[in-house]
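Welcome, and thanks for taking a look at this one with us. Here is a short briefing to read alongside the sequence and the model.

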Amino acid sequence: MVREDEYTRAIVSTLRGMSDFGPEDFLELVAHRLSKSGKTIDEFELVRVLTGDDVNSREHTDFRIALARWDAESEPEWSGDTPPRTRERRSKVLDLLGFSEDAAEQINGVHPAYFETDVVIADPDWSPWYTPERQRAHRFYWNAYSGVLGDKLDASSLASVDSVTTDIVSRLADPAAKEPYQSKGLVVGHVQSGKTANFTGVIAKAIDAGYRLVIVLTGTVELLRAQTQRRLDMELIGKENILGGRDENDPTAVSDIDYVSDGDSDWLLGRFVDHGVDFGIEPDVPAIRRLTGKAYDYKRLAAGLDALDFRSGNELRNPRLPVWDAENLYSTDVRIAVVKKNKSVLTKLVQDLKNVRARLDEIPVLIVDDEADQASVNTINPARQKSPDETERTAINALLAELLGELKRSQYVGYTATPFANVFVSPDDSEDIFPKDFIISLNPPPAYMGGTSFHDLEPVDEEYRGDPGFSNEAAFVRNLEAESEDDSPEELRSALDAFVLSGAIKLWRAGNGHRVKVDHHTMLVHETVKQADHKILATAIRREWASAGYSSPSGLARLRSLYETDFQPVSASRDWEAPMPTAFEDLRPHIGAALDKIMMLKDPVVVVNGDKDNEYEQIDFDKADIWRILVGGTKLSRGFTVEGLTITYYRRRAQAADSLMQMGRWFGYRPGYRDLVRLYVARRAIGPRGKALDLYEAFQAIIEDEEEFRAQLRTFSEVTEEGEPVLRPIDVPPMVFQQLPWLTPTSRNKMYNAEIGFMGEGGKLKDFPRQPLRGKGENNRRHFTAVRGWLDRLSSPTKFGYYDSVTDKPGEFDARTAIVSADEMLKALSDFEWVEGFDFSPTIAMLQQAMGEGGLEDWAVMVPYLGKHPVLREVDGVDIPLLKRTRRGGTRGGFSGSSFRQRDAVERIAGNMTRIHAGAEAEALYAPTRGSMLLTFAADPVATQEDRDPRNMPDEVKPEDVATLFSLVIPESVAPRGRIGFRVRDEGRRKSAIVPRKDI
């Protein structure tokens, strides 16, 4: 008799072996395993097992991983040319799996597909070598690492890492190729989004593929280098390679081995990956020799050069052949060094490499440059006097160039979350580390909390701005209005209260069986880079903590108030993954437990600024549970992961956007406590000449700039009708737009020798809010005059529809429309002025091109009348609805963008058939050669932000006090996949990536 779980065992054993097979083999393999017991496949039973209630079961997890991998594979033979991560691909997969429509619908409901894709811009002139057969032949280290990731990531995220790391490795040169080639690429991630997991996966696959020397360049501080070293040791290199054949039970033999000798808790608990093989006898599975360790950077090997030399001893099977030859390659040990970008360290490594017996041009090398925008890129203007810091950066760049020059088979992959410095590189770098072969922009998984999670990039209607269910700012951000904590100690105390309360809620959740990690719970205070100030700040925090009285009635009353007015409403506003206590009283015992954990070391505060090594030991997240308040500067602002970070108290100002963005330590993954994260941020930080600066606004400016940067990367990744890429990496023009005059993206000494000629994407709304400062109102008058004639032709108010993804409900709004000829529109748009640095000409050129081809004949201009009682004011003899829109500060040009509620309608008018909720009126306005404009007017008097409320304006308003804002949607048929054209700045240097700005 067949046992009830026969299906389960057959499915699990099949799925565990599916990494080498496509979905068309699944049923056959399951049937084969069931045949031994005489049982046949039954679809109902099969679906029941694969979609069961236990989401953590092996069959549930393994099936989701397999689905996600099939969804993401780039060009498998079985795909029928369906693009990865599309509905067409998922449909193809389920069809090959043999499921009926009903079964497929049920599976998709339980295992939804993830359609977001990474962006790849690559040079088409490359020879594919990393074939599926090659991948299957050698996959020891990737199999081990994917097992580690499987315990940390959901199926979609794991499949995404698998897919993009394959893309990256495939763009490297074949390590066994006869002719050496250096491939150079850039991977653009997000702050705290998992770059280390990505490049660890690349290293694993590169080692399996045949790369035998791996150099990982970390940031400029030891804290980050040691953290990266430990992760590689624990998750990839593994126990056997760390021991190097020595008996871990012999204290004398392992006295000099890190982790073993220092009582590392994860080592003692068996959390380091155990490969379970003897590398000395396993054929074609290389051991990994570490040239650096957890507590030591690279040192001169001197007499110990054999550790780095591939031609020492009997390592090569055939010494007459080069290292890269297949006869030698796969049995040769791997060397790995994790080094800081430090002149002394890199000099030692370069000198040792020059002194080994093996020819350097026969060693396949992978260089991974983490934080590639820091120190690696030479952006120094030779005409300027160099400071010591700038000289050091130039020296590091020169050493990296020397390293690449010596290692002819080396491959360079730079990783960064802030790519602005890599966009403005010096001419020397165009030969050394310019990403000539590929640029990949990683798309973070849904669980990631990044800049878009903390800001309302799409404007929230006035009635919802304070609602945490609609507004990210209302949910997560708490304003610091005082210029320092001395001016308002209540603000610091509120942040400390939030730290205690959120810790208690975490403990309550863990104690009630909900998934949330409570090993670490941290608060970050970041105000200045000066170490002396850190000590003063730490003292102030300790003083405030001592007077907080958390066990007293007044302290508990504050926590109760914070719970009832902040944490409970925020958690009730959305569908979070974890519940809240029904009453504050349920938290009382957990508050005490949280205080005990915070005060375990008798001091709630630790200063981390590079002054003393023991300060870093106090935040060794790998050795002990950390419940502390961290005070720091640079050492905590780039690359270093602050585990369990829940509350951030942030006042620090920086001059450059990439530096400021790297301080966003509050970005990352917050499983089980997303709703508890709070950012206390200064809205009046004192900058140069005593000017008050809004740091939250500064972050939003950078995030908007980054989103625009990534959107352009996505556009550049499109292919032509012939399948050729629109742009090669060497053609990618400068894409960084600076919104804040005081906040430069990065050093801007050099530019690429390319610029956008025309650009547009059919059926997609594009905001154009980058209008200059109000001044005396002359630009406002000019813009209003440009569109004034259309307002007399507007129709009567009509209902249009939209779909609200937040409430999961359709809605309606009123609007009036007018049809305007393409010539009229072009003339009006040409009259608009823009902030310095914003180029509207590619859009104008795109419209002219579409008109010349007959694809654009007229426009539907839509003026929305929002809310139950729109604010109408007479402007130049016509009544128009005035909105309250945020002008981005006194020093920043531009306004907030359009509301998502009007996008369905204007995009449907322009031919976007996916906008099914736009309503009948939008359908009626559609024409194949018609574009659409969303036209709105914002109150813009000479006033503060608080006074820019149209309800407070007189019945008659001057055009000088009205900002005319618009968004455009060109017809879908004109550019259904997006179109972009570029031109070189200097025809005489057409093949040069960049030219000095002074020569342009």
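Tyr259 counts as buried, because its relative accessibility is 0% and the cut-off for buried is under 20%. Please keep in mind that this is a predicted model. Tyr259 is a handy place to begin, as this residue sits in the loop between helix 11 and helix 12 (265-268), and helix 11 gets a good share of the notes below.

**Two positive phi values outside glycine**

- Tyr259 has a phi near 70°, a positive value in a residue other than glycine.
- Lys602 also belongs here, with a positive phi near 70° in a residue that is not glycine.
- You will find Lys602 in the loop between helix 23 (588-598) and strand 12 (605-608).
- Is Lys602 buried or exposed? Lys602 is exposed, because its relative accessible area of 70% lies over the 50% cut-off.

**Helix 11 and its bend**

- Helix 11 covers residues 222-243, which makes 22 residues.
- Its end C-alpha atoms are only 23 Å apart, whereas a straight helix at 1.5 Å a residue would reach 32 Å.
- Where does helix 11 bend? The bend is at Ile237 and amounts to about 105°.
- Helix 11 is mostly covered, with 19 of its 22 residues buried.
- Just after helix 11 comes Gly244, which takes a positive phi of about 60°.

**Helix 10 against helix 11**

- Helix 10 (residues 195-209) has an axis that comes within 11 Å of the axis of helix 11, and the two cross at roughly 55°.
- That angle makes helix 10 oblique to helix 11.
- On the helix 10 side, the contact is made by Thr196, Ala197, Phe199, Thr200, Ile203 and Ala204.
- On the helix 11 side, the contact is made by Thr228, Arg231, Leu232 and Leu236.
- The crossing of helix 10 past helix 11 is right-handed.

**Helix 4, for contrast**

- The 15 residues of helix 4 (residues 58-72) should span 21 Å at 1.5 Å a residue, and the end C-alpha atoms are indeed 21 Å apart, which agrees.
- Helix 4 is mostly covered: 11 of its 15 residues are buried.
- Among the buried residues of helix 4 are the charged-or-polar names Glu59, His60, Asp62, Arg69 and Asp71.
- The buried set of helix 4 also includes Phe63, Leu67 and Trp70.

**Gly801 and its surroundings**

- Gly801 lies in strand 22 (residues 798-804).
- Gly801 is buried, with a relative accessible area of 6%.
- Gly801 and Glu812 are 11 residues apart along the chain, and their C-alpha atoms are separated by 4.4 Å.
- Leaving aside neighbours within four places in sequence, Gly801 is in contact with Gly811, Glu812, Phe813, Arg901, Asp904, Ala905, His917, Ala918 and Gly919.

**Ser899 in its loop**

- Ser899 is found in the loop between strand 26 (878-881) and helix 30 (903-909).
- Ser899 counts as buried, at 2% relative accessibility.
- Not counting residues up to four places away in sequence, Ser899 touches Pro459, Asp461 and Arg885.

**Leu29 towards the start of the numbering**

- Leu29 lies in helix 2 (residues 26-35).
- Leu29 is partly exposed, because its relative accessible area of 23% falls between the 20% and 50% cut-offs.
- Leu29 and Ala10 are 19 residues apart in sequence and 8.7 Å apart in space, C-alpha to C-alpha.

How values were computed
Residues are numbered from 1 along each chain as its sequence is written. This is a predicted model: local features need pLDDT of at least 70, side-chain atom pairs count only at pLDDT 80 or more; totals for chains, interfaces and linings use all residues. Side-chain values use heavy atoms; hydrogens and water are left out. Helices (H or I, at least four residues) and strands (E, at least two) are DSSP runs, numbered from the N terminus. The expected span of a helix is 1.5 Å times one less than its number of residues. The bend at a residue is the angle between axes fitted to the seven residues ending there and the seven starting there. Buried means under 20% relative accessible area, exposed over 50%, partly exposed in between (1.4 Å probe, protein chains only). Axes are lines fitted to C-alpha atoms, for helices over the stretch in contact, and angles run from 0 to 180 degrees between N-to-C directions. Angles under 35 degrees count as roughly parallel, over 145 as roughly antiparallel, 65 to 115 as roughly perpendicular and the rest as oblique. A crossing is left-handed if the near helix is turned anticlockwise from the far one by less than a right angle, and right-handed if clockwise. Contact means heavy atoms within 4.5 Å.
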